Amino acid sequence: MQRKFCSVCGGALISATGPHHSQRCASCGAEHFRNSKPCAGALVIRDGRVLLARRAIEPFKDHWDIPGGFLNEGEHPDDGARREILEETGLRVRLVESLGIYMDRYGDDGADEWTLNIYYLAEPLDDAEPRAADDASELAWFAPDELPATMAFKHEHQVLADWRARLRQP
Ligand SMILES: [Zn+2]
């Protein structure tokens, strides 16, 4: 996303001329790089069903979402995915394998905040029942042919499609 003010001197930043260009401060000349925000999440699978969470917060409150979230500074995506799942579902999971990396934008207000979303396949470490907490208001297990028609974020449709494609592989 484009920022208005310089983090060095507080001066006004010149608008970037292209979608992936940096911004320069009109006062001190400092260059401000624009990066996608890293996120991590996982498809937690039990008995062939995937665990999805209904969002308790904006944007896209009440939409179905894949458990996950923004990484903290210095946090490995493996740790971030496990942490987010524990926070939102109470489940302790084992990451089975990497599913892929998906680009998207965050928010529904036209802000061009890019996200870089790292996904895993995961399985619960025990038979505990998930309990919605933190950013999730409700949790449910979905079979691959019973997935919600609409997900909170566009890229999540591709994540789920990639999971279904894997299931069809011999
Ligand atoms: Zn400056």
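These legends walk through a few close-up views of a predicted model.

**View 1. Four cysteines hold a zinc ion.** Look for the sulfur (SG) atoms of Cys6, Cys9, Cys25 and Cys28, which coordinate the zinc ion at 2.3 to 2.4 Å. The angles among these four donor atoms run from 102 to 115°, and the site is tetrahedral. For comparison, the ideal angle for four tetrahedral donors is 109.5 degrees.

**View 2. The zinc site ties together distant parts of the chain.** Read along the sequence, the donor residues follow the spacing C-x2-C-x15-C-x2-C. Take Cys9 and Cys28: they sit 19 residues apart, with Cys9 in the segment before strand S1 (23-24) and Cys28 in the loop between S1 and strand S2 (31-32). Cys9 is partly exposed, because its relative accessibility is 42%. Cys28 is partly exposed too, at 41%.

**View 3. A cysteine tucked away.** Cys39 counts as buried because its relative accessibility is just 7%, and buried means under 20%. As for disulfides, there are zero in the whole structure.

**View 4. Val44 in the largest nonpolar core.** This core has 16 residues, and Val44, Val93 and Leu95 have the most contacts inside it. Strands S3 (37-46), S4 (49-55), S7 (93-106), S8 (113-124) and S9 (136-142), plus helix H1 (77-89), each chip in at least two of the core's residues. Leaving aside residues up to four places away in sequence, Val44 touches several others, including Leu51, Ile85, Leu91, Val93, Ala122 and Trp141.

**View 5. A second core.** Separate from the largest one, this core has 15 residues, among them Val50, Leu52, Trp64 and Val159.

Technical notes
Residues numbered from 1 in each chain as written. Predicted model: local features only at pLDDT ≥ 70, side-chain atom pairs only at ≥ 80, totals over all residues. Heavy atoms only, no water. Donors = N, O, S within 2.8 Å, 3.2 Å for Na, K, Ca; no water. Tetrahedral: all angles 85-135°; square planar, octahedral: opposite > 155°, others 65-115°. Helix = DSSP H or I, 4+ residues; strand = E, 2+ residues; numbered from the N terminus. Buried < 20%, exposed > 50% of the residue type's maximum accessible area, 1.4 Å probe, protein only. Disulfide = S-S within 2.5 Å. Core = buried A, V, L, I, M, F, W, Y, C linked by side-chain atoms within 4.5 Å. Contact = heavy atoms within 4.5 Å.
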